[in-house]
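User: I would like to go through this structure and ask how each label is earned. Please set the values against the cut-offs as we go.

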Amino acid sequence: MENRVRPTRAGLFAIELLIAVCVFVFCAAVCGGLFVRAEVTSRDSVVLNRAVNEARSAAECFKAAGGDLDATARLLGGDVENGVLVIKTDEGLILNMTSHEEEGFTAGELTVYYDDERLIRWDVASLEETP
Amino acid sequence: MKARGGAGTAASLIVACVFGVAMLLSLTTGAGVYRQVQQRVESSASERLGITYITAKIHASDADGAVRTGDFGGEDAVFLEERIDGIAFETVIYVHDGWLMELFAGKDSGMGPDDGQQLIPAEGLEISQSGRLLSLEYTDENGRSETAYVFLRSGG
């Protein structure tokens with residue numbers, strides 16, 4: 001018992017500091033994760049907004065064209081390949097649109113992709129006659 | 001013992017300095033990320049707010065003969081007509097003097113672009129119509145353009 005080492009002030013301070021550093025590292029890791037998620041979420045949100053705007057415009061043109069993909073392509077500037085209208089935007093979005101005849105109207109399916117991930121899938125319909 | 005105490009103090013000081021630097025770095029990084037996110041959100045909002053507002057107003061007023069496009073004091077404009085107690089009123093949406101503006105007044109009231117209400121900063125709005133399809137090219141305050149199409153279900 002007489003050989004017991006007495007802790008110095010500096011040693012106690014160092015231990016206290018190490019505990020503080022550990023707490024700080026934990027908090028920094030949590031905050032770092034949150035920052036990264038915030039960054040990713042805000043980027044995704046911008047892309048999703050653009051995708052919705054593009055999809056909405058494409059749907060309006062589909063209706064204006066009476067459900068005809070070639071006419072829709074002329075309005076939006078895309079190409080029809082194997083019955084699928086493909087539109088590529090400057091922001092890297094890819095819109096695909098297909099159409100088929102239903103009883104009394106033309107139905108279509110509109111999908112928007114970004115980085116091979118499907119962001120939007122809408123069913124669209126045109127009750128109009130082809131102009 | 002003195003030498004051990006000195007080494008301990010030096011180690012504590014080094015750890016304290018590393019702690020301080022790490023805290024500053026994490027604060028700076030956090031502030032940077034927050035600023036980026038904030039800028040992106042603001043820019044995205046200003047980009048979509050104007051065009052979304054205009055298209056929503058057109059859809060809401062899409063009745064037979066209620067929507068038309070034309071010139072309003074030298075600016076491209078959308079005119080949305082409605083009748084209240086048998087009196088014709090018009091909502092005019094246009095961009096003037098760096099603002100997206102809206103004017104609600106009696107039809108043929110003689111009011112000009114300066115009389116409207118400022119909504120959000122904007123640079124320009126170009127409108128063209130092909131049959132029942134309206135094409136709106138909106139330029140926001142940062143100069144970014146976006147085109148939206150609106151199909152008039154009622155026929156305009």
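User: Why is A:Glu39 called buried?

Analyst: First, a caution: this is a predicted model. A:Glu39 has a relative accessible area of 11%, and buried means under 20%. The value is under the cut-off, so A:Glu39 counts as buried.

User: What makes the pair B:Arg40 and A:Glu39 a salt bridge?

Analyst: Their side chains meet with N to O at 3.2 Å. The rule asks for a side-chain nitrogen of Lys or Arg within 4 Å of a carboxyl oxygen of Asp or Glu, so the pair qualifies. B:Arg40 lies in helix α1 of chain B and A:Glu39 in helix α1 of chain A, so this salt bridge joins two chains. A:Glu39 and B:Arg40 are also linked with A:Arg43 in a network of salt bridges.

User: How many salt bridges does the rule find across the interface of chain B and chain A?

Analyst: There are two across that interface, while the structure holds 10 over all chains. A:Glu60 and B:Arg153 also form a salt bridge, their closest N and O atoms being 2.8 Å apart. That distance is within 4 Å, so the label fits.

User: How do you know that chain B and chain A are in contact?

Analyst: Contact means heavy atoms within 4.5 Å. By that test, 30 residues of chain B are in contact with 25 residues of chain A. The two chains bury about 2,500 Å² between them, with 63% of it on carbon and sulfur atoms. Of the area that chain B buries against chain A, B:Phe19, B:Arg40 and B:Tyr149 supply 24%, more than any other three residues.

User: Which parts of chain B each supply at least two residues of the side that touches chain A, and how many polar contacts are there?

Analyst: The count between the chains is nine residue pairs in polar contact. On the side of chain B that touches chain A, α1 (2–60) and β7 (145–151) each supply at least two residues. The largest share, 21 residues, comes from α1(B). By class, that side has 12 nonpolar, 12 polar and six charged residues.

User: What makes B:Arg144 partly exposed, and is its partner B:Asp140 buried or exposed?

Analyst: B:Arg144 has 28% relative accessibility. Partly exposed lies between the 20% and 50% limits, so the label holds for B:Arg144. B:Asp140 is at 0%, so B:Asp140 is buried. The two form a salt bridge, with the closest N and O atoms 3.4 Å apart.

User: Why is A:Asn82 called exposed?

Analyst: A:Asn82 has 82% relative accessibility, and exposed means over 50%. A:Asn82 lies in the loop between β1 (79–81) and β2 (84–88) of chain A. Its phi is positive, about 50°, although A:Asn82 is not a glycine.

User: Is B:Asp97 buried or exposed?

Analyst: B:Asp97 is at 63%, over the 50% limit, so B:Asp97 counts as exposed. B:Asp97 is found in the loop between β3 and β4 (99–106) of chain B, and its phi is near 55°, a positive value in a residue other than glycine.

User: How do you know that the span of helix α1 of chain A agrees with its number of residues?

Analyst: At 1.5 Å a residue, the 56 residues of this helix (residues 9–64) should span 82 Å. The end C-alpha atoms are 81 Å apart, which agrees. Just after α1(A), A:Gly66 takes a positive phi of about 65°.

Key: Residues numbered from 1 in each chain as written. Chains lettered and ligands numbered in written order. Predicted model: local features only at pLDDT ≥ 70, side-chain atom pairs only at ≥ 80, totals over all residues. Heavy atoms only, no water. Helix = DSSP H or I, 4+ residues; strand = E, 2+ residues; numbered from the N terminus. Expected span 1.5 Å × (residues − 1). Buried area = accessible area lost by both parts, 1.4 Å probe. Polar contact = N/O pair within 3.5 Å; in protein donor to acceptor, adjacent residues only side chain to side chain. Nonpolar A, V, L, I, M, F, W, Y, C, P; charged D, E, K, R; others polar. Buried < 20%, exposed > 50% of the residue type's maximum accessible area, 1.4 Å probe, protein only.
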